[in-house]
Amino acid sequence: MSGSTERNVIIYDEVSIARLKTADFFKELFIKIHHAGSKREIIHTLSSSEKKMDLIIFNDSFENDRGFELLSEIKEHSSEIPILILTTNDKKEIFFKIISEGICDYLLKPFSEKIFLAKTLEILNFNKTNISPSKKKIHIDNEIAFDIVDYLRSELKKAEKGNFEVSVLMLKFFIPAKENSIKNQDKYIYVSDLFLEKLTELLWDTDIVERTELNNFVGIFPFCGINNISKVYEKIIDCFDEMKKSDKNLFHFHLVLTSLTYPSKKGSAEDLLDSLENSIKQEMENINGLLIKFI
């Protein structure tokens with residue numbers, strides 16, 4: 001799905017002002033909003049629209065079974081459309097019941113506009129090609145800043161409330177110092193764009209991988225424990241090896257990656273990212289030291 005293709009999004013909320021406020025987040029984007037304030041309206045939109053819906057934003061308190069009943073009807077009618085839940089309900093039993101409905105993801109209110117847009121644009125598969133020079137930030141299409149620290153903070157909060165694991169992975173590709181030079185800058189840009197595309201193809205809907213620097217990526221994997229993140233490791237390494245075999249531009253590049261899993265590893269979002277970054281630096285130093293020794 002290209003960045004210039006119009007997306008169609010249904011916003012379901014019984015309160016019209018809340019729908020308008022949610023729609024306002026998308027005002028600068030190439031997105032057509034379809035409003036629904038009742039069961040009849042959302043089913044009618046799904047049934048009558050000539051265009052395929054790309055996302056349903058479903059706002060409900062889930063204080064009774066009405067919301068779950070409507071979710072079930074929507075899934076029966078249009079099971080392929082991703083659903084993003086917005087709710088103030090932070091009860092664990094509600095969280096697990098929502099997940100069991102097969103929804104794409106959920107956001108616990110209140111949340112920031114940056115978190116909301118990052119989540120929805122990720123689901124809608126907007127291209128992420130404009131890199132911010134500021135650390136741990138990227139820009140999405142129209143220069144909406146996405147802060148990976150804010151996003152991870154939100155995911156850790158959800159993991160704590162839902163009592164589930166979330167793994168965080170950092171990876172960096174680089175040309176060792178002995179072989180590096182300014183002329184390799186174009187290669188870094190080429191490999192960065194190619195690698196981001198390949199990484200995205202490996203993900204589940206609830207996973208996210210963001211480019212935080214030209215050659216640095218951070219992945220956040222909800223419901224992913226230590227055993228599962230090791231499988232992600234293997235997939236990424238295999239992917240990079242296949243890229244190197246098929247593209248001579250990658251010949252001199254090396255890949256380092258490291259991960260941790262919450263709550264086995266506790267700490268703030270900043271602490272976890274700093275820990276990963278220190279591990280990456282150590283791995284790079286080890287590789288550079290070995291290559292310099294044997295060259």
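## The antiparallel sheet

In this predicted model, Met170 has Thr258 of strand β12 as its bridge partner, and Val166 is matched in the same way with Tyr262 of β12. The strand β9, covering residues 166–174, pairs with β12 in the antiparallel sense, and the pairing extends over 9 bridges. These two strands belong to an open sheet of 4 strands, whose order is β10-β11-β9-β12 and whose pairing is antiparallel. The edges of this sheet are formed by β10 (208–213) and β12 (254–262), each of which pairs on one side only. On average, and with direction ignored, neighbouring strands of the sheet are turned by 20° against each other.

Helix α8, which spans residues 226–246, packs on this sheet and touches β9, β11 (216–222) and β12, while its direction makes about 165° with that of β12. Although β12 is an edge strand, β12 is mostly covered, with 7 of its 9 residues buried.

## Phe221 in strand β11

Where in the sheet does Phe221 lie? Phe221 is found in strand β11, and its relative accessibility is 3%, so Phe221 counts as buried, the cut-off being under 20%. When neighbours within four places in sequence are left aside, the contacts of Phe221 are Glu165, Val166, Ser167, Leu169, Leu203, Asp207, Val209, Ile229 and Val232. Among these contacts is Val166, the residue whose bridge partner in β12 is Tyr262. Another of them is Asp207, which stands 14 residues from Phe221 along the chain, with 4.9 Å between the two C-alpha atoms.

## The parallel sheet

A further open sheet is formed by 5 strands in the order β2-β1-β3-β4-β5, and here the pairing is parallel. Its edge strands are β2 (31–36) and β5 (105–108), and each of them pairs on one side only. Neighbouring strands of this sheet are turned by 20° against each other on average, again with direction ignored.

Within this sheet, strand β3 (residues 55–59) and strand β4 (residues 83–87) pair in the parallel sense over 4 bridges, and Phe58 stands opposite Ile85 in β4.

## The nonpolar core

In soluble globular proteins, nonpolar side chains tend to be buried together. The largest nonpolar core of this model has 89 residues, of which Phe58, Ile85, Phe116, Leu171, Phe173, Phe195 and Ile236 touch the most other members. Phe58 and Ile85 in this list are the residues that stand opposite each other, Ile85 being in β4. As for Phe116, and not counting residues up to four places away in sequence, the residues touched are Thr22, Phe25, Phe26, Ile57, Leu84, Leu86, Leu107 and Phe111.

## Packing of helices α5 and α6

Two packed helices are described by the angle between their axes and the distance between the axes. For helix α5 (residues 113–123) and helix α6 (residues 148–162), the axes come within 10 Å and cross at roughly 85°; α5 and α6 are therefore roughly perpendicular to each other, since crossing angles of 65 to 115 degrees are classed in this way.

On the side of α5 the contact is made by Lys114, Ile115, Ala118 and Lys119, and on the side of α6 by Asp150, Tyr151, Ser154, Glu155 and Lys158. By residue class, this contact of α5 with α6 divides into 3 nonpolar, 1 polar and 5 charged residues.

Terms used. Residues are numbered from 1 along each chain as its sequence is written. This is a predicted model: local features need pLDDT of at least 70, side-chain atom pairs count only at pLDDT 80 or more; totals for chains, interfaces and linings use all residues. Side-chain values use heavy atoms; hydrogens and water are left out. Axes are lines fitted to C-alpha atoms, for helices over the stretch in contact, and angles run from 0 to 180 degrees between N-to-C directions. Angles under 35 degrees count as roughly parallel, over 145 as roughly antiparallel, 65 to 115 as roughly perpendicular and the rest as oblique. Contact means heavy atoms within 4.5 Å. Ala, Val, Leu, Ile, Met, Phe, Trp, Tyr, Cys and Pro count as nonpolar, Asp, Glu, Lys and Arg as charged, and the others, Gly among them, as polar. Two strands pair if DSSP finds at least two bridges between them. Buried means under 20% relative accessible area, exposed over 50%, partly exposed in between (1.4 Å probe, protein chains only). A nonpolar core is a set of buried Ala, Val, Leu, Ile, Met, Phe, Trp, Tyr and Cys residues joined through side-chain atoms within 4.5 Å.
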